[in-house]
Amino acid sequence: MKKLGMLFTLSLLALQSYGQQKNFIDQAYLETTAVVDTLVVPDQIYLDLLISEKDTKGRTSVEELENQMYTKLEALGIDTKTQLALSDVASNFKNYFLRGKEVLKNKAYTLEVYDAEMAGKVIVALEAIEIANVSIRKMEYSKIEALKINLKQKAILKAKTQAEALLKPLNQNLGKALYISDVNFSSMNYLQGKTSGIQIRGYASLDATSNYQPIDIEFEKIKIESTVTVKFAIE
């Protein structure tokens, strides 16, 4: 009897589930997909800085170059305690032991700046002290999470507008949303890890003794895109 009772209960649950699915399938609905995108200016730019004694042909030690770098960055108003981090230390001991060459040391740092203008100033300032190995690791947008929510909301409203427009010629009304799928969210940063993507304009042709300052530097904007699919009931 217990087994029969269990089978009856399972059968009832299965019928209820089938009935719910059937009701959803039988209900008239309209499905639409909406895409919303925007462009934002990156405000978190991460630069890779490599200090190498090789650049000065061994004339200046890594420690001296490091001190000069700190001085230059702090003069630009950069907080080296929070924006600068050591990422790697290396030397060519292998070559030294195998070939008897002089040991030349390297130090790698990651520097975070908040706009393209400051990135340009850093590049120029470091080049002046023979630190020329500067590259862009990545660029990000600090308010990306809030922007995600905003774009998804706009995509939902766009989907509703599209659905209403499709039903208007049929003289039918749009009902409540039956199903919402957050299909996709993407961030397209074409310059990630590429120094060639820097757009530099307005550099003056000055000699080495002049005060060489970038006038206008800008990065390509980051494209943020959100896609949603919504099924609306048709009344």
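## Exercises on helix, strand and core

The buried residues of α6 are L147, L151, A155, A159, A163 and L167. Keep that list at hand as you work through this predicted model.

**Exercise 1. Find out whether the span of helix α6 agrees with the number of its residues.**

Solution. Start with the helix itself: α6 covers residues 144-167, which makes 24 residues. Next, take the expected span as 1.5 Å times one less than the number of residues. For α6 this gives 34 Å. Now turn to the model, where the end C-alpha atoms of α6 lie 35 Å apart, so the two values agree.

**Exercise 2. Decide whether Q44 is buried or exposed, and list what it touches.**

Solution. First place the residue: Q44 belongs to strand β2. Then recall the cut-off, with buried meaning under 20% relative accessible area. Q44 has a relative accessibility of 18%, and therefore counts as buried. Finally, look at its contacts. Leaving aside residues up to four places away in sequence, Q44 touches E112, V113, K138, M139, E140, Y141 and S142.

**Exercise 3. Describe how β2 and β4 are paired, and how well β4 is covered.**

Solution. Begin with the direction: β2 and β4 run antiparallel, joined by 8 bridges. To pick out one pair, go to I51, whose bridge partner in β4 is K107. For the cover, count along β4: 7 of its 9 residues are buried, so that the strand is mostly covered.

**Exercise 4. Map the largest nonpolar core and say which element gives the largest share of it.**

Solution. Step one is the membership: this core holds 24 residues, and those touching the most other members are L47, L49, M69, L111, V113, V122 and L126. Step two is the origin of these residues. At least two come from each of β2 (44-52), α2 (62-75), β4 (105-113), α5 (116-127) and β5 (133-140). The largest share is that of α5, with 5 residues. Step three is a closer look at one member. Beyond residues up to four places away in sequence, M69 touches L49, I51, L84, Y109, L126, I129 and I131. Last, notice that another core lies apart from this one; it has 16 residues, including L30, A34, I222 and V230. As background, nonpolar side chains in soluble globular proteins tend to be buried together.

**Exercise 5. Summarise the whole chain in numbers.**

Solution. Count the elements: the protein chain has 6 helices and 9 strands. Then take burial, where 32% of the 235 residues are buried. For the surface, the accessible area is about 15200 Å², and carbon and sulfur atoms account for 53% of that.

Conventions:
Residues are numbered from 1 along each chain as its sequence is written. This is a predicted model: local features need pLDDT of at least 70, side-chain atom pairs count only at pLDDT 80 or more; totals for chains, interfaces and linings use all residues. Side-chain values use heavy atoms; hydrogens and water are left out. A nonpolar core is a set of buried Ala, Val, Leu, Ile, Met, Phe, Trp, Tyr and Cys residues joined through side-chain atoms within 4.5 Å. Buried means under 20% relative accessible area, exposed over 50%, partly exposed in between (1.4 Å probe, protein chains only). Helices (H or I, at least four residues) and strands (E, at least two) are DSSP runs, numbered from the N terminus. Contact means heavy atoms within 4.5 Å. Accessible areas come from the Shrake-Rupley method with a 1.4 Å probe; for residues, only the protein chains shown count as cover. Two strands pair if DSSP finds at least two bridges between them.
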